[in-house]
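Visitor: Please give me a close look at a single part of this model, namely the spaces in it and the residues that line them. I am in my first year, so kindly explain each term as it arises.

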Amino acid sequence: MYQPETYGIALLFMILSMLCWGSWANSMKLCPGYRFQLLYWDFIVGLIGGAVLWGATLGSMGAVGRSFYTDIAHANMHSILLAMTGGAIFNVANLLLVAAIDIAGLAVAFPIGIGLALVVGAISSYIISPKGNSFLLFGGIALVVTAIVFDAIAYRLRETERTAMSRRGIIISLIAGLLMGTFYPFVSKAMTGEGTPGPYAILLFFVIGVSICAIPVNYLLMRFPLDGQEPASMRSYWRAPGIWHLWGALGGAIWCTGAMANFVASQANIVGPAVSYSIGQGATMISACWGVFVWREFSAAPARSKSSLKWMFIFFLCGLTAVACAPIFP
């Protein structure tokens, strides 16, 4: 399988992860009126297709470790269960995050949910595998937390002007963030130890865990939507335009590409899972940019709200820079 051998290439993988994780949710914006519970089935199809594609290509190239198919054949049950458990936790968190995006928008749900996930995931991953300069790593995380506070302030100021909106989006974002931060240690642990599977095989087991968990949980959300709308039916799914199914599958494939890049980078000797996960969750910045500059979610917000957003971007950039430097100055 292919594995980066220098920090420069590993950093490119982490940046790719950040771009993919921060961009996949745009697939929802491209399907106006399409319920996210229905789009999520296409998202799962994209996840599975992406995991198989990356395993059959990069996972089967190079001379490092075992190839993708050999890795699957020799995987131990402990690693498989850890990866699938991580996938199940991610699935619940991601469904809640998608619901929060539907309610509050990209520029709000992502910074709050994923920012909180960054803190929880980075600390727990560092406990499992402590690598990098702890001062830079946790100092950077503190700056990211400050950025989250500024984003929440921006949201509150915007809602002052739009009193009809509820605060349900923030609450769901926080719950999603707590759960999202707990999946990565399971993935990291599944790849830790002698003879454990590589990142490409672990990605496939992870996606299988997501898919199995999605069947009951997404069906439950179809029957009892969090956004207060009428229950969604599979009849609406089959009647949706073909292009909407394509966008949903593409969204899943994009997220899966980000996961592949992140899992692979975390196995580079100099990086470690805490740094890889933290930079990947810089996705918050990417999604906030999409929400603010492309979808114009804050175009009608008051000046104080926009000022808070500016400080959110500054603190996020400083925090991510500190985290990226953590492996260089151990």
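Guide: Helix 5 supplies the largest share of the lining of the largest pocket, namely 4 residues. Helices here are DSSP runs (H or I, at least four residues), numbered from the N terminus. A pocket is found on a 1 Å grid over the protein atoms alone, as an open set of points with protein on both sides within 12 Å along at least five of seven lines, and its lining residues have an atom within 4 Å of a point. The model is a predicted one, in which local features need pLDDT of at least 70 and side-chain atom pairs count only at pLDDT 80 or more, while totals for chains, interfaces and linings use all residues. Residues are numbered from 1 along each chain as its sequence is written, and side-chain values use heavy atoms, with hydrogens and water left out.

The volume of the largest pocket is about 280 Å³, a volume being the space filled by probe spheres set on the grid points, which are joined across faces, edges and corners. Its lining consists of 16 residues, and Met28, Lys29, Gly33, Ile101 and Asp102 are those nearest the centre. At least two lining residues come from each of helix 2 (26-29), helix 3 (36-56) and helix 5 (77-104). Sorted by class, the lining has 9 nonpolar, 3 polar and 4 charged residues; Ala, Val, Leu, Ile, Met, Phe, Trp, Tyr, Cys and Pro count as nonpolar, Asp, Glu, Lys and Arg as charged, and the others, Gly among them, as polar.

The second largest pocket contains about 190 Å³ of space. Among the residues that line this pocket are Met1, Val64, Gly65, Arg66, Asp71 and Gln267. Its lining comprises 5 nonpolar, 5 polar and 2 charged residues. Arg66 and Asp71 form a salt bridge, with 2.9 Å between the closest N and O atoms; the term denotes a side-chain nitrogen of Lys or Arg within 4 Å of a carboxyl oxygen of Asp or Glu. By this rule the count is 1 salt bridge. Asp71 is buried, at a relative accessible area of 3%, whereas Arg66 is partly exposed, at 27%. Buried means under 20% relative accessible area, exposed over 50%, and partly exposed in between (1.4 Å probe, protein chains only).

Met1, one of the residues of that lining, has its C-alpha atom 6.2 Å from that of Ala63, although the two are 62 residues apart along the chain. Ala63 belongs to the loop between helix 3 and helix 4 (68-73) and is exposed, with a relative accessible area of 79%.

There remains the enclosed space. A cavity is a set of points where a 1.4 Å probe fits but cannot get out, and the structure holds 1 cavity of 30 Å³ or more. The largest cavity encloses about 80 Å³. Its lining is formed by Trp21, Trp24, Phe90, Asn94, Leu97, Phe110, Ile114, Met180, Phe183, Trp255 and Gln281. Two or more of these residues come from each of helix 5, helix 6 (106-128) and helix 8 (168-190). Helix 5 contributes the most, with 3 residues. By class, this lining has 9 nonpolar residues, 2 polar ones and no charged ones. Helix 5 thus appears in two of the linings described: it gives the largest share to the largest pocket and the most residues to the largest cavity.
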